Amino acid sequence: MLNVSARTAALYDRVRRIIPPIEWPAFAGDIDAILDLKRQRNAVILAHNYQTPEIFHCVADIVGDSLALARKAMSTEADVIVLAGVHFMAETAKLLNPQKTVLIPDLHAGCSLADSITAEDIRVLRQSYPGVPVVTYVNTSAEVKAESDICCTSGNAKAVVESLGVPRVIMLPDEYLAQNIAAQTDVEIIAWKGHCEVHERFTPADIRQLREDHPGVTVLAHPECPPDVVAEADFSGSTAAMSDYVETRRPPRVVLMTECSMSDNVAIAHPEVEFIRPCNLCPHMKRITLANIRSALEQNRHEVRIEPEIAGRARLPIERMLAV
């Protein structure tokens, strides 16, 4: 019978450029147990691009940005979905898979954007702008989605806004994403004042310093960054778009203005690219660990439940998004 070290050796080969050998034994036992639990429970793990490499590359079955996770969640035949991400993502997975068990390893894995707006806020906005459709970022609660017309992600926001065929939309809750999309379309966008606590901290001065310290660096910025940061970057796009940029362009030296683990996860696939890392950590994403993924599977811990009346209304704007 192989021991844990032998059973996980091939997985360590995937991440050895990022995780030092001395750290691997701290992960190997949980990884081995999680793989066994997935088989026992017919479970899959969905992991966002901001998860740490030992989760993203070693136990996850489906990885990607929020749009990719939403799409792929619908096609899984598993009985149990563990969402290695934040709470709104687990809610989205449950909305699209109402008959499946969806688990979130830590109930406190929240989101500053989701916390920035309530269902009542949307009802007030509708009174102020009668007839104007509400486009809601997926980084929101089920209750907020239920008050919305259609959802979007950072990767499809422009397409969603223009799909409505109207001159003006309300787009919430990310003010900077709304401003960045407004610069790309003739549709007038009414924004909310929500911000991502990771991306709002980047500044144009950061980019100028990076260019000075690392000549020739290619700067990729997430559209949740302030517009002046996006303007200073070489490219702006969702986490999936940034990953695709590195895959197709292979810049010799690159910096991703986004959450720290994103660079680690992309770097594993591209040893020929030098990654500069002036990143910011998301404290909510980092609440997800191998230990609490294991506990979720062992104890069926933190099952996501949504009131049926809310779920029915919240599912519709997500389905409309996926149809665009």
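**Notebook: strands, annotated cysteines and the largest pocket**

I began with the pairing of two strands and noted that β7 (residues 168-172) and β8 run parallel to each other, joined over 4 bridges. The model I am reading is predicted. For a single pair within this ladder, I looked up R168 and found its bridge partner in β8 to be E188.

I then placed these strands in their sheet. It is an open sheet of 4 strands in the order β6-β5-β7-β8, and the pairing is parallel. I recorded β6 (150-152) and β8 as the edge strands, since each pairs on one side only. On average, neighbouring strands of this sheet are turned by 35° against each other, direction ignored. As background, I noted that strands of a sheet pair through backbone hydrogen bonds, either parallel or antiparallel.

Next I looked up what covers these strands. Helix α10 (residues 175-182) lies across β5 (134-137), β7 and β8. I noted an angle of about 170° between α10 and β8.

I turned to the annotation. UniProt, in an unreviewed entry, lists C111, C196 and C282 under "binding site". These residues span 172 residues in sequence, yet no two of their C-alpha atoms are more than 9.3 Å apart, so I recorded them as gathering at one spot. I also found C111, C196 and C282 in the lining of the largest cavity.

Where does C111 lie? I located C111 in the loop between β4 (101-103) and α7 (119-128). Its relative accessibility is 11%, so I entered C111 as buried. Leaving aside neighbours within four places in sequence, I found C111 in contact with F88, N139 and H284.

Is C196 buried or exposed? C196 has a relative accessible area of 10% and is therefore buried. I located C196 in the loop between β8 (188-191) and α11 (204-213). With neighbours within four places in sequence left aside, the contacts of C196 are S112, L113, D174 and E224.

Last, I examined the largest pocket, which holds about 250 Å³ of space. I noted 17 lining residues, of which N49, F56, S243, N265 and V266 are the closest to the centre of the pocket. Which elements each supply at least two residues of this lining? I recorded β2 (62-64), α5 (66-73), α13 (239-249) and α14 (260-269).

Note on methods: Residues numbered from 1 in each chain as written. Predicted model: local features only at pLDDT ≥ 70, side-chain atom pairs only at ≥ 80, totals over all residues. Heavy atoms only, no water. UniProt positions renumbered as here; feature names shortened; annotations may be inferred. 1 Å grid on protein atoms, 1.4 Å probe; cavity = no way out; pocket = protein on both sides within 12 Å on 5 of 7 lines; lining within 4 Å. Buried < 20%, exposed > 50% of the residue type's maximum accessible area, 1.4 Å probe, protein only. Contact = heavy atoms within 4.5 Å. Pairing = 2+ DSSP bridges. Axes fitted to C-alpha atoms, helices over the stretch in contact; angles between N-to-C directions. Points joined across faces, edges and corners; volume = space filled by probe spheres on them.
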